[in-house]
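Please read this briefing alongside the sequence and the structure. The topics are backbone features, the contact between chains, salt bridges and enclosed space.

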Amino acid sequence: MTGGREGPAEEVARLASEALTLIANAADEAALRRVRQEVAGKSGLVSRLMALLAAAPRAEKPSIGQAVNRAKSEILAALEAREAAIGGTSASGGPSEDVTLPGRRLEPGCLHPLTVLEERVVSVLSALGFEATEGPEVEDEFHNFIALNIPPDHPARDEADNFYLEGVPHLLRSQTSTVQVRALETRTLPLRIIAPGRVFRPDEVDATHHFLFHQVEGLAVDADLSMADLKGTLLAFFRGLLGEEVQVRLRPSFFPFTEPSAEVDVRLEGRGWVEAGGCGMVDPAVFTAVGVDPERWSGFAFGLGLERLAMRHYGVADIRWFFENDLRFLRRLDGQRV
Amino acid sequence: VLVSYRWVCELLDGWSGDPEEMRRDLTFSGTEIERAEPREGDVVFEANVTSNRADELCHLGIAREVAAVRGLALRAPAAALSESGPPSRAAISARVEAPDLAPRLTVRVIEGLRVGPSPEWLRSRLEAIGVRTVNNVVDVTNYVMWELGQPLHAFDLARVRGGLLQARRACAGESLRLLNGQTIRLDPEDLVIADAEGPLGLAGIMGGAESEVMASTTAVALESAHFQPATIRRSARRHQLRSDASHRFERRTDRAGALAASARAASLLQELCGGRARPEPHDLGGPGPEPEPICLRPDRPARVAGSAIAAAEVRRRLESLGLSVSFEGDLFLVRPPTYRSDLVREIDLVEEVIRLGPPGEIPERHRLPARAPAPHPGRALRRDVRDRLARMGCVEVMTVDFVSPAAAEFAFLLFGPPLLVRNPVRAGEPALRRSLLPGLLQVNRQNADRGTAGVAIFEVGRLHAGATAGDAGPVEVGALGLLRDGELRDLRGIVDGLLAALGVDAELAPASWPGLARGAAGRFLAGGRSVGVLGRVDAETARLAGLRTAPAYAELDLDRLGAMRGPVQSFAEPSRFPAMQRDLAVVVSEDTPFATLASRIAALRLPDFTGLDLFDLYRGPQVGEGRKSLNIRLTFQSSAGTLTSAAVDAAVSAVIRDLEDRLGALVRKG
C-alpha cells in the first residue's frame, strides 16, 4: 500500500480485481478449488470485503454497501462461470452428475373424466339448492315404469328395449327417473333433488351409443312451480356449468313422466344449438302413483346424459373411449378444465 | 317417418312459406324435423314423431300441425265415390270372432279392376318417401295410409275361400306364408284375418302370399280395421315382424276414420284402376264411442307455463288443432277429435296450448334455493376414497356391469346367486358382476398390451346378486376394487392409508378365496365385521385373463365402511421433541408371521414407544435355511421431553430379550 491512504471505495475495487484475476488465472480443477478457498473461504477476499463494510464510517455505509454487494456478486458469478468452464467440478467438489439424464417422472393418479364431470354437475346443481341422492341400479317395474306413467303394454317396456333379469321381476333401470319416485315416496315436500347414476338400455354399441351410460336427473317439487321456474333453473345451471354467455331454449317433446315435456337445447357463443337433455313438468299421474296430490303440489324434472356432455366438452368423438379405460386416454383428460 | 313437403302443402289451404319455415314450425311445436333433403322438386323431411302422436304418422297429420301453428285451414282429400252394383255383403260375408282384439272391421268390395303399374305421379310420391311401389292396387292402399294414417289391405276376392273374411285368434298349429315369402307358425294369441278355410294374413302386420293382389286380380275385398294396439305389438314382436301398418296399429289408429279411409281408397281405385265400388260395405264394431269431453280451467295453461296466456288465446290455440271448445260455467269443455286419442286429461290440453305458444312465451324465473342441501354420506365417502387413491397415484377406471357366468363366480362381498339379464348385448356376458375383479383384470390386460401397464387402477362401482334367502329382492353393494402389479405390501400400504384416512380401524386376517392365491389372501375385519379382502390373484385366474404375472387385488365394501366411518378427530398435537430410532435384525423361522412379532412388541407396552416399521426382509445363506430376517425399526418419542439414550436402550433390550425368549429369535442390533 504505497502512496496516500487508500479509501474504502478504492479498497473494494482493488480486492475485487484481485479476486477476479485469481479466478481467471486458475488453470485446472485443483487450482480452481484452491482459488475458491482463497476467494470465498472463511477468511477469503469476500469476507474481507464484508469486513470493510462493517468498518466503514456510518455516513459512507450506503455507498460502500452497494459497491460491496456488486463486487461480491460479480466475484461469485465469475467463480461459478470458471468452474463451469473448467467443467466436471460441482461446487461441493463431489463427482459430476449427468444432468441430461431423463427425469424420473412421478405420475400422479387421476379420476375418470365422467367422475370429474359428474362432480362438477352435482356441485353446480347443489349451489342451486339440489340435494344429491341415489337409488338402486337394479329396479322393480313399479319404480322403473308404473309410477312413471308407463303402464303395462307400453312400448317403452318392450323386452328388446330393456335389460330384464332372469327369474326375478326386476330390470336394470333404464333411466334415473326411478330415483325421483323413491324420493317422492320417502321425503317430505317441498324438495329439490338430483340423482346421478348409471342407466342401461340394450342399444347397439357404436360411436354415439352404448348400452350403459350415466345420467343426472333433477327434480323440484313445490307448491307453485311452473315452466318458468324450470327454464330459469336450466339457464342458471348451464351458465354455471358452461359460462355466462350460454343460451337455453326449450323445444316441445314427449316423455311419459312429464307433461308438458321439452328437449333442452343450449348454445355457446358463436356455435350452433345442441341438444343437451330432456325436461318437463312432473306428470300428475306420477304424483298420484306415489300418493302426492297433484292439485296441491307441482314439480319439474330434467335429465341429461353425462357421456354426451363429456364428448362435447373434451372433444371425444367416440363414446366407447369412456369405457375402454386406456390409461393414456384417462391421463390425457385428467386436469382439463371442466 | 319420411314426409314429402309438397304433399303436405297440397293438404294445406294457403301455405305461402318455404320448406325451412315449415321445418321450423314443426320442430318448435313438438314434431322435430331431423333432416330435410331436396329431391326432384320436393323436399323430404325426416320427422321424429313422438310415440304418443300416432295421428302424425301421415301427411294429413303433419298438415294439421302446420295448420294449427299458422292458423290455416286444411284441404282434406275428397272421396268422390260413386258406388254401383249389388251391396258388398252379397259378394262376401264378414265376421269378427275376437271383438276385444279387433274392435272394428270394415270390408268393401271393388270389382272390375285392371291391375297394372301406377301412374307416374303416384309412384314418384311413394318413392320419394321410401315406399316400394308394387302395382296400382297395392300402391293405392299404401298411398291412403301415408295420406290419412289408416293401414288398408286388399285381398284378391277370387282367392278368398268360402265367401267369408273373419278376424279371429289363430288356432294352435296354424301357419301362414307371408307376403315377404316367410312362413310363420301362428300363436293362439295372434289375431288373423282368415277366410272360411284358414288364415290369409297376420292382422295389422302383414298380409299372406295366398291372397295377394296379382296381375290377374279383378276384384278385391278391401279391409280397413281398427285393432287393439297391444295385440299388434305383441304379435309383431313374437314374429320379429315390423311393417308400416304395424307401426301405426301399435300406436293406435283412428277407429272412427277407418271407413272414410276405405272410401278414399275405393275412389282412387275407381279413378286409377278402373274399379267399381259396391255399396254398403261391412262395418262390424262401428266407429266406437265419441271421445269424452275434457274439463279445462282456463287459467291452467298460464299457471303451468308461468306466463300470461289469456282464456281467449287458450281457446284459439285449442280450436286451431280441431278441438271443439265450449264454456261450462267457469270451465272450458273441450272435445278432442277422434284421431287425438292421446288427449284425455286436463294436463294433455295444457300441453297443447303451451307447445303452440310463440318462442319466448315462457319467461325464466329465478328463485333462490330455500336451503343449502345436505351432503349425501355415501357420495361424500366415495369422493374421499377416489381423491385419496388418486393422490396415492392410482388411476380410476369404469368398467361395465356385464360379465361372463364364469367371471360372475368371483365374489368377495356378497354371495347371493349371480343375476342374469335375458337379452345380453355381448354374447356370453349375460351376468351382472359380483366383484370388480374381472373388469379390472381385463383393463390391466388391455393396458399391458398397449404398453401402459404397471399402474395401480381402481374402480368404484356397484355389485349385484340375487337374494341369499327368502323372497327378498336383489342385493346391491357399493364397492371399491383396487388392482396393482407388484408386491402385495405396496397394495396393502395403499389400503391401509385409505382405511386410516376414513378413520376405520381394520385388521387383516388370513382367509382363502376363489380367485386369490392360497396362503396369500386375507379378510379385513373391523368391529368384528368383514369389510373387504386383499390378496394375490391366483396364477390360473391371471393366466385366463391373459396376464403374465399375477397382480395384487383388494376389494372393499364401501357401504359398510361408510357406516363405520369415524367421526372427525380433534387434533392431537404431535411431539415437538426429537424422535429416537433403533434398528434390529430379527431372525425367526419362516413360519413366524410379522404380526406375531408385532403383537409381542406391542404387549410389552414400552414407555414412549411410537412405531414399528419393517424396512427390509432378507432370506439367504447368512440367516440359514427355513429362516428369515425381519429388519425392523423401532421409534421412540416423548411429548414431555427429549429421551435419553439410556432409556431407549433399556426398552430395546427388553424387546431383544422378549423376542429371543418367546420367539426363539436371533436378534442383532443394526
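**Briefing on the predicted model**

Pro190(A) sits in the loop that runs between helix 7 (177–186) and strand 5 (191–200) of chain A, and the peptide bond leading into this residue from Leu189(A) is cis, with omega near 0°. The model is a predicted one, and the points below take up its backbone, its interface, its salt bridges and its cavity in turn.

**Backbone features of chain A**

- A cis peptide bond also links Glu259(A) to Pro260(A), here with omega near -5°, and Pro260(A) belongs to strand 8 (residues 258–267) of chain A.
- Asn149(A) is not a glycine, and yet its phi is positive, at about 65°; this residue is placed in the loop between helix 6 (141–144) and strand 3 (163–164) of chain A.

**The interface of chain A and chain B**

- On the side of chain A, 84 residues are in contact with chain B, where 75 residues take part.
- The size of an interface is often given as the accessible area lost when the parts come together.
- For chain A and chain B the buried area is about 6,900 Å², and carbon and sulfur atoms account for 53% of it.
- Of the area that chain A buries against chain B, 9% comes from Glu134(A), Glu259(A) and Leu327(A), which is more than any other three residues supply; Glu259(A) is also the residue from which the cis bond to Pro260(A) starts.
- Between the two chains, 39 residue pairs are in polar contact, counting pairs with both residues at pLDDT 80 or more.
- Helix 8 (residues 227–242) of chain A contributes 8 residues to the side of chain A that touches chain B, the most of any element.
- Sorted by class, that side of chain A holds 39 nonpolar, 19 polar and 26 charged residues.

**Salt bridges**

- Over all chains the count comes to 81 salt bridges, while 20 salt bridges are found across the interface of chain A and chain B.
- Asp224(A) and Arg303(B) meet through their side chains in a salt bridge, with a distance of 3.7 Å from N to O.
- Asp283(A) and Arg345(B) form another salt bridge, in which the closest N and O atoms are 2.7 Å apart.
- Asp283(A) lies in the loop between strand 9 and helix 9 (284–289) of chain A, and Arg345(B) in the loop between strand 20 (331–335) and helix 12 (346–355) of chain B, so this pair joins two chains.

**Enclosed space**

- Rolling a probe the size of a water molecule over the atoms shows where empty space is left.
- A search of the whole structure turns up 1 cavity of 30 Å³ or more, and the largest cavity holds about 30 Å³ of space.
- The lining of the largest cavity consists of Leu234(A), Phe238(A), Val264(A), Ala276(A), Gly277(A), Gly278(A), Phe302(A), Gly303(A) and Leu304(A).
- Helix 8, strand 9 (273–282) and strand 10 (298–305) of chain A are the elements that each give two or more residues to this lining.
- By class, the lining has 6 nonpolar and 3 polar residues, with no charged residues.

Key. Residues are numbered from 1 along each chain as its sequence is written. Chains are lettered from A and ligands numbered from 1 in the order in which they are written. This is a predicted model: local features need pLDDT of at least 70, side-chain atom pairs count only at pLDDT 80 or more; totals for chains, interfaces and linings use all residues. Side-chain values use heavy atoms; hydrogens and water are left out. Contact means heavy atoms within 4.5 Å. Buried area is the accessible area (1.4 Å probe) that two parts lose on being put together, summed over both. A salt bridge is a side-chain nitrogen of Lys or Arg within 4 Å of a carboxyl oxygen of Asp or Glu. A polar contact is a pair of N or O atoms within 3.5 Å; within protein, one must be able to donate a hydrogen and the other to accept it, and residues adjacent in sequence count only if both atoms are side-chain atoms. Helices (H or I, at least four residues) and strands (E, at least two) are DSSP runs, numbered from the N terminus. Ala, Val, Leu, Ile, Met, Phe, Trp, Tyr, Cys and Pro count as nonpolar, Asp, Glu, Lys and Arg as charged, and the others, Gly among them, as polar. On a 1 Å grid over the protein atoms alone, a cavity is a set of points where a 1.4 Å probe fits but cannot get out, and a pocket is an open set with protein on both sides within 12 Å along at least five of seven lines; lining residues have an atom within 4 Å of a point. Grid points are joined across faces, edges and corners, and a volume is the space filled by probe spheres set on the points.
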